[in-house]
Amino acid sequence: MADILASLRSLMASHTPPLDALVVPSEDYHQSEYVSARDKRRAFVSGFTGSAGLALITKNEALLWTDGRYFLQAEQQLSNQWRLMRMGEDPSVDSWISINLPQDSSIGIDFWCISVDNAQKWRSVLAKKQQKLVPTTKNLVDEVWKDQPKAETNPVHVHPLKFSGRSVSDKLKDLRDNLKKEKARGIIITTLDEVVWLYNVRGGDVSYSPVVHSFAVVTTSSAFFYVDERKLSSEVKSYLKENNITVKDYSSVSSDVGLLASNKLTSAPESNGADDSSHKIWVDPRCCYSLYTKLNSEQVLLQQSPLALPKSLKNPVEMEGLKNAHIRDGAAVVQYLAWLDKQMQELYGASGYFKESESQKTKTPSGDAKLTEVSVSDKLEEFRAAKEHFRGLSFPTISSVGANGSIIHYEPKPKTCAELDPNNMYLCDSGAQYLDGTTDITRTVHFGKPSQHEKTCYTAVLKGHFALGNARFPNGTTGHSLDVLARVPLWSYGLDYRHGTGHGIGSFLNVHEGPHSISFRPGLSVPLQASMTVTDEPGYYEDGKFGIRLENVLIIKESATQFNFANKGYLEFEHITWAPYQKKLIDVSLLLGEEIKWLNSYHAKCRDILAPYLNESEKAWLNQATEPIAAY
């Protein structure tokens, strides 16, 4: 790591102009959350592998910013050459630069890897001391990364109408209607999930997300798809041609945006650019700054992409697919829990999923018989892989025992992961990609005797999970307004958690999907709407001891309330995740009657819905796991 920093500082010194600092973001050219192996530049320079964060390298210091999900992980992974900066507690990177670096400093960054939004914000802050944000001539990390993985060239597939529910022509028509309404003659689309959603294609360029490294430019008369042509079969090329989508090389997007700026971009050579040049070009604030700099800022309509909201509003086909995918996925999770329960009893002498006696560790498995965080998560993937339409995981499985559970986005590694322990809590947050939907579920279990403190914490998380999942609220309500519902039961004990409570989820797309969310962060204020999906996932994490999280995916739907104040219309949630909550972790004395009633009803639905997918022993296990709870 020292050699990497020294090499980068040498390049910074020889750069024109010389750089006082270098910013290395997590994001790729598309501002993606999850990036391909060749784009993990921040992980390469810092050693920190979490999905969110930003590195700053100065002449004398190296700093790493990340959010609350990753504080513990970053502490463990960063060497003593790095300083951890905690987002929300320490100054932001632009503030730190402004305060700590000299007047007239040059701050280097690859303009492809920063959004318009962030670049403009930083420039404004840095201008106070005449500090400058400077585009690096090349990506300096790529210059020192000698064994950088090659770019992915995985095949592109058409995502058929039976799964997508809407044709490309319909989506393009709606997009062009939005362009005309805003007096825009074109739009630059850079986020990978929006490109593939618009064109009804999927790919495999990024682990866990079925996306394609590509850009799109759509005008009132043309549509362009910028992609490595080696990824396109003759069938896919024909499909794109039938839909009047012009394929161009991935790297030509930069020059084409320049042509778009001067109103010379067209798919028809004989055209003379009939669009009115006074019309705007639509750019989402998340667009990479490099493309934005090709435009005259006065011609830019800088606002959220008109694809973000339609993508989040699931059509009836997508809705049905998501529900079916979650049923098959729930069956896989139940098969896994039943298998794991049996293994823990047989291999470790654990009391198991249902009984509460403390394990005396009468058995100690050896060699391959040992259950580790990785080996059991591989088994869960096996159960999922046997299900129809399975295409892989939707994110790295968070399989965590005891203290590892307190690392919110813990990712076990084969050489360093922990062995399962019947006397410690086990948290499993996992999900899958199916052709008809994307899933995300978390359950926390204990195979020995949980302490009263663990039960109290689990029950507080469960009560928050219930409170949010059973809420009714008027149209126009944001996720920020609802977030408190999931925290109040924890707050009553002086407990809390450092992450948002819910995120949208894609339809065979990204597991984290905007533009809405349920979060304590006030800036994320897109109102929730019927036919959106969102997760409900409160938690509690005790450093060095255990972690608890419970997560279901919900669909937002209209609610038939008795009254309708101000004619707003009301909304509610429908749970589409099916897997039991562990009853022995629940302190029933802390539950209200209505909470017990809801839990029993949910468990009864789990039994009915999942039974057709289970064998007799799995059904028997599920029947026991979902037996009704009596009021205390």
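**Exercise 1. Overall size**

What radius of gyration would a compact globule of 632 residues have, and what does the protein chain have?

*Solution.* Keep in mind as we begin that this is a predicted model. Start with the rule for a globule: with 632 residues, the radius of gyration would be near 26 Å. Next, take the value for the protein chain, which is 26 Å, so the two agree. For the extents, turn to the principal axes: along them the C-alpha trace spans about 75 × 55 × 50 Å.

**Exercise 2. Inside, outside and charge**

Work out what share of the protein chain is buried, and then describe its exposed area and its charges.

*Solution.* Begin with burial, where the cut-off is under 20% relative accessible area. By that test, 58% of the 632 residues are buried. Now move to the surface: the protein chain exposes about 25600 Å², and carbon and sulfur atoms supply 50% of that area. Finally, place the charges. There are 69 positive and 75 negative ones, and their mean positions lie 1 Å apart.

**Exercise 3. Secondary structure and contacts**

How many helices and strands does the protein chain hold?

*Solution.* The assignment gives 19 helices and 28 strands. To see how the chain is connected in space, take the contacts between residues at least 6 apart in sequence. Of these, 70% join residues at least 24 apart.

**Exercise 4. Strands 8, 10, 13 and 14**

Trace the pairing that starts from strand 8, giving the sense of each pair and an example of bridge partners.

*Solution.* Step one is strand 8 itself, residues 184–189: six of its six residues are buried.

Step two is its pairing with strand 10, residues 215–219. The two strands run antiparallel and are joined by four bridges. One of the bridge partnerships links Gly186 with Thr219 in strand 10.

Step three is the pairing of strand 8 with strand 13, which is parallel and also rests on four bridges. Here Ile188 has Val283 as its bridge partner, while Ile187 is partnered by Trp282.

Step four carries on from strand 13 to strand 14, residues 300–302. Three bridges join these two strands, and they run parallel. In this pair, Ile281 is matched with Val300 of strand 14.

Put together, the path goes from strand 10 to strand 8, from strand 8 to strand 13, and from strand 13 to strand 14.

**Exercise 5. A covered helix**

Which residues of helix 9 are buried, and what follows the helix?

*Solution.* Helix 9 covers residues 192–199, and eight of its eight residues are buried. Going through the list, we find Leu192, Asp193, Glu194, Val195, Val196, Trp197, Leu198 and Tyr199. The charged names Asp193 and Glu194 are thus included among the buried residues. Right after the helix comes Asn200, with a positive phi near 50 degrees.

**Exercise 6. Unusual backbone angles**

Where do cis peptide bonds occur, and which loop residues have a positive phi?

*Solution.* Take the peptide bonds to begin with. Thr16 and Pro17 are joined by a cis bond with omega about -5 degrees. Pro17 sits in the loop between helix 1 (2–14) and strand 1 (21–25). Another cis bond joins Gly514 and Pro515, with omega about 10 degrees. Pro515 belongs to strand 23, residues 513–518.

Now look at phi. Asn263 has a positive phi, near 65 degrees, and is not a glycine. Its loop lies between helix 11 (253–261) and strand 13 (280–283). Because its relative accessibility is 14%, Asn263 counts as buried. His389 likewise has a positive phi, near 70 degrees. The loop that holds His389 runs between helix 15 (373–385) and strand 15 (390–393).

**Exercise 7. The setting of Asp110**

Is Asp110 buried or exposed, and what does it contact beyond its sequence neighbours?

*Solution.* First locate the residue: Asp110 is in the loop between strand 5 (106–109) and helix 5 (116–126). Then check accessibility. At a relative accessible area of 9%, Asp110 is buried. Next, set aside the neighbours within four places in sequence; the contacts of Asp110 are then Tyr29, Thr136 and Asn139. As a last step, compare sequence with space: Asp110 and Val511 are 401 residues apart in sequence, and their C-alpha atoms are 27 Å apart.

Definitions and conventions
Residues are numbered from 1 along each chain as its sequence is written. This is a predicted model: local features need pLDDT of at least 70, side-chain atom pairs count only at pLDDT 80 or more; totals for chains, interfaces and linings use all residues. Side-chain values use heavy atoms; hydrogens and water are left out. The radius of gyration is taken over C-alpha atoms; the globule rule is 2.2 Å times the number of residues to the power 0.38. Buried means under 20% relative accessible area, exposed over 50%, partly exposed in between (1.4 Å probe, protein chains only). Contact means heavy atoms within 4.5 Å. Accessible areas come from the Shrake-Rupley method with a 1.4 Å probe; for residues, only the protein chains shown count as cover. Lys and Arg count as positive and Asp and Glu as negative; His and the chain ends are not counted. The place of a charge is taken as NZ of Lys, CZ of Arg, CG of Asp or CD of Glu. Two strands pair if DSSP finds at least two bridges between them.
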